[in-house]
Amino acid sequence: MQQAQDFRDECDALYDVVSGLGAEGMEAATAFKDWTPNMIVRHLHVWNWAAQQSLADTPAFGEFMQAAASRAG
C-alpha cells in the first residue's frame, strides 16, 4: 500500500506545482530540456498508463512498447 500512497503524494505535489500556472504557464518552456509543463504532465501520464498496462494487460503493454520503440528510432 505504500506505493499507492507514494503515487498519491507525487500526484498531489505535481498538482500543487501546475494548478496555478494557467494556460500560458502550461506552455512555457522549463529548464528540463525546454519541455513545457504540459509536455511533462503528458509524458508522466503516458508512462503511468503503461505501468498500469504492464500489470493489467501484458499483451497490450507489449504492443505499446513495440510501437514506442519503433517511434524512438
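**A four-helix protein at a glance**

For a compact globule of 73 residues, you would expect a radius of gyration near 11 Å, yet this protein has 15 Å. Keep in mind as you explore that this is a predicted model. The protein has four helices and zero strands, and buried residues make up 10% of its 73 residues.

**Overall build**
- Reading from the N terminus, you meet the elements in the order α-α-α-α.
- The C-alpha trace spans about 40 × 35 × 20 Å along the principal axes of the protein.
- Take the contacts between residues at least 6 apart in sequence: 9% of them join residues at least 24 apart.

**Surface and charge**
- The protein has an accessible surface of about 5800 Å², and carbon and sulfur atoms account for 59% of that area.
- There are 4 positive and 10 negative charges in the protein, and the mean positions of these two groups lie 7 Å apart.

**A closer look at Asp34**
- Where can you find Asp34? Look in the loop that lies between helix H2 (22-26) and helix H3 (37-56).
- Is Asp34 buried or exposed? Its relative accessible area is 55%, and because a residue counts as exposed when this value is over 50%, Asp34 is exposed.
- You can also compare Asp34 with Glu24: the two are ten residues apart in sequence, and their C-alpha atoms are 15 Å apart in space.

Note on methods: Residues are numbered from 1 along each chain as its sequence is written. This is a predicted model: local features need pLDDT of at least 70, side-chain atom pairs count only at pLDDT 80 or more; totals for chains, interfaces and linings use all residues. Side-chain values use heavy atoms; hydrogens and water are left out. Helices (H or I, at least four residues) and strands (E, at least two) are DSSP runs, numbered from the N terminus. Buried means under 20% relative accessible area, exposed over 50%, partly exposed in between (1.4 Å probe, protein chains only). The radius of gyration is taken over C-alpha atoms; the globule rule is 2.2 Å times the number of residues to the power 0.38. Contact means heavy atoms within 4.5 Å. Accessible areas come from the Shrake-Rupley method with a 1.4 Å probe; for residues, only the protein chains shown count as cover. Lys and Arg count as positive and Asp and Glu as negative; His and the chain ends are not counted. The place of a charge is taken as NZ of Lys, CZ of Arg, CG of Asp or CD of Glu.
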